[in-house]
Amino acid sequence: MLAAMRDCAEVYPIFILDPWFPRNMRISANRWRFLIEALKDLDDNLRKINSRLFVVRGKPTEVFPVLFKQWKVTRLTFELDTEPYSKLRDAEVERLAAEHNVQVIQKVSNTLYDIDRVIAENNGKPPLTYVRMQTVLASLGPPKHPVQAPTLENMRDCQTPWKPTYEERYGVPTLEELGQDPEKLGPHLYPGGESEALRRLDIHMKRTGWVCNFKKPDTEPNSLTPSTTVLSPYMKFGCLSTRTFWWRLTEIYHGKKHSDPPVSLHGQLLWREFFYTAGVGVPNFNKMEGNPVCVQVDWSDNQEHLKAWSEGRTGYPFIDAIMTQLRTEGWIHHLARHAVACFLTRGDLWISWEEGQKVFEDLLLDADWSLNAGNWQWLSASAFFHQFFRVYSPVAFGKKTDKNGEYIKKYLPFLKKFPAEYIYEPWKAPRSLQERAGCIIGKDYPKPIVVHEVVSKQNIQRMKAAYAKRAGASSGEPKKQHESDKKGGKRKSATGQSVAEMFIKKNKTKKI
Ligand SMILES: Cc1cc2nc3c(=O)[nH]c(=O)nc-3n(C[C@H](O)[C@H](O)[C@H](O)COP(=O)(O)OP(=O)(O)OC[C@H]3O[C@@H](n4cnc5c(N)ncnc54)[C@H](O)[C@@H]3O)c2cc1C
């Protein structure tokens, strides 16, 4: 925005509601609410400097030529985006801008570093280990400092020509306009927007001892309030700059003993950077096929098990409590994500990580293309992490930090009368106890859909076979390039309907 305002008489801050996203992604009502609140907060902050936010509805390639003419645009500035669809979209927008004699300025600000520079520094390939990533980043020096937000002073020679009639056309949308059912909203735990992001950051950064001692593996997946920052949705939506977070941490660390990457908070931001870089450098990063870093596994297609997992009905209370928290609240702890991701894939159900990725894409407030794909590959031991023989137990893992199952009781209250001895394995409780607890296993709550001790052993053997096949393949003939690799991946094109139209249709057909 600062680049847009420089030497300009008028500035139009815009956000485009692009129908491609709801058409090609699953988006829960909770995440729509977060976005709406983020836009509202942005508009409020812009009003404070005598400007406004214009929420434009439509396909970017269709709305820009109209706006270029209507607003007599001479310069377009936006943040560099690294996801496959966004790159195609932005290249097309750049072409249209050139056609209309509009200068384009793109700035890197979603990541700590310019990802293309990181890849260039690593001989044109994304670093595939964290240590390698650290070495490459060390050679680039510390990340840039964030720039100041625009002020009234910056707006002195510039104005935003807002008219009252614009409210209807460019106002912040409501859930109803987007075809969302407010009944589907969960508790309002993480309001969207920059103001809330900065407030949340401040609260955490005041806890200097906690920040300096932060070690991710020591945080708890099943605490009743989050044991990590929950800043991820804010970073995903651009409400919080990762550079602001990084440099606040640097200030706190200064002169103090503190934890280090990969387990420290700086280390968490580097994980983000790591998966963003892989997302740019690895073709077909969100798929198994045509993805050169991903082990090819013969996952099974069991829709019933997939549904049971996604709806929190596997019969394993720890897994089901996590999936219930995800579905209602939109955020779960990183190690809780580990537990359910391992369970769905190589641990128990032997279902593709791509299916899990889709469910997370729908339900997470922080759903992020690169981070979701990268972490799912990690957890399913498909890429980056290869110790497939280390499987999380859906019973023992949660007990380590919550012996009495308070977390389970919170999210599955119908199990709350089970004593600690049975809360993780209620099917083992005697029938009389189940009756007293008011919950008969197999009737009021399912029996386990698989026997963990049996399937996890079988699955380790299946992973072993997949790895052996990969080793065999890589020692033989060079692999044929995958069709979608050559084409740069298949992309569906949007049809040009407005977001609202598309949502109305979606509601009728109940398809996303
Ligand atoms: C299967 C699976 C899917 C995931 N999908 C997503 C996703 O779609 N979006 C998302 O933001 N995170 C995802 N993660 C990573 C991680 O779980 C979350 O970033 C983290 O739990 C967010 O909580 P927090 O903000 O309290 O994290 P904190 O521990 O407070 O960390 C601070 C920030 O560092 C970044 N970060 C932390 N851990 C990771 C990680 N493993 N990978 C990348 N960045 C990280 C996040 O931006 C986070 O907000 C996924 C993890 C798994 C195992």
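Modeller: Let's start with a term: the bounds of a domain come from an automatic or database domain assignment. Keep in mind, too, that this is a predicted model.

Biologist: Thanks! Which domains does the assignment give for the protein chain?

Modeller: Domain 1 covers 2-107 and domain 2 covers 303-504. Taken over C-alpha atoms, the centres of domain 1 and domain 2 lie 36 Å apart.

Biologist: How many helices and strands does the protein chain have?

Modeller: There are 25 helices and four strands. The chain is as compact as a globular protein of its length, because its radius of gyration of 24 Å is close to the 24 Å that the globule rule gives for 512 residues. Along the principal axes, the C-alpha trace spans about 75 × 60 × 55 Å.

Biologist: And what share of the residues is buried?

Modeller: The cut-off you need is that a buried residue has under 20% relative accessible area. In the protein chain, buried residues make up 51% of the 512. The accessible surface comes to about 25,000 Å², and carbon and sulfur atoms hold 53% of that surface.

Biologist: What do contacts say about residues that are 24 or more positions apart?

Modeller: Such pairs account for 76% of the contacts with a separation of 6 or more in the protein chain.

Biologist: I always check charges at the bench. How far apart are the mean positions of the positive and negative charges?

Modeller: The protein chain has 75 positive and 59 negative charges, and their mean positions are 3 Å apart.

Biologist: Let's take one helix. How should I read the residues along a helix?

Modeller: Here is the general idea: an α-helix has 3.6 residues a turn, so residues three or four places apart point the same way. Now for the case here: α17 runs over residues 353-363 and is mostly covered, with eight of its eleven residues buried. Among them are Trp353, Phe360 and Leu363, along with the charged-type residues Glu361 and Asp362.

Biologist: Which elements do the buried residues of α17 pack against?

Modeller: They pack against α2 (20-24), α3 (29-48), α14 (303-310), α15 (317-329), α16 (334-347) and α18 (369-379).

Biologist: Next, backbone oddities. Which residues that are not glycine have a positive phi?

Modeller: Two to look at are Val230, with a phi of about 50°, and Ala381, with a phi of about 55°. Val230 sits in the loop between α10 (208-213) and α11 (232-236), while Ala381 sits in the loop between α18 and α19 (396-399).

Biologist: Are Val230 and Ala381 buried or exposed?

Modeller: Val230 has a relative accessible area of 2%, so it counts as buried. Ala381 is buried as well, because its relative accessible area is 0%.

Biologist: Where is there a cis peptide bond?

Modeller: Look at Pro261 and Pro262, which a cis peptide bond joins, with omega at about 5°. Pro262 belongs to the loop between α12 (242-253) and α13 (265-281).

Biologist: How do I relate distance in sequence to distance in space?

Modeller: Try two pairs. Asp114 and Gly141 are 27 residues apart along the chain, and 12 Å separate their C-alpha atoms. Val454 and Asp44 are 410 residues apart in sequence and 56 Å apart in space, C-alpha to C-alpha.

Biologist: Where in the fold are Asp114 and Val454?

Modeller: Asp114 is in the loop between β4 (103-107) and α6 (115-121), and is partly exposed at 30% relative accessible area. Val454 is in helix α23, residues 452-475, and is partly exposed at 46%.

Key:
Residues are numbered from 1 along each chain as its sequence is written. This is a predicted model: local features need pLDDT of at least 70, side-chain atom pairs count only at pLDDT 80 or more; totals for chains, interfaces and linings use all residues. Side-chain values use heavy atoms; hydrogens and water are left out. Helices (H or I, at least four residues) and strands (E, at least two) are DSSP runs, numbered from the N terminus. The radius of gyration is taken over C-alpha atoms; the globule rule is 2.2 Å times the number of residues to the power 0.38. Buried means under 20% relative accessible area, exposed over 50%, partly exposed in between (1.4 Å probe, protein chains only). Contact means heavy atoms within 4.5 Å. Accessible areas come from the Shrake-Rupley method with a 1.4 Å probe; for residues, only the protein chains shown count as cover. The place of a charge is taken as NZ of Lys, CZ of Arg, CG of Asp or CD of Glu.
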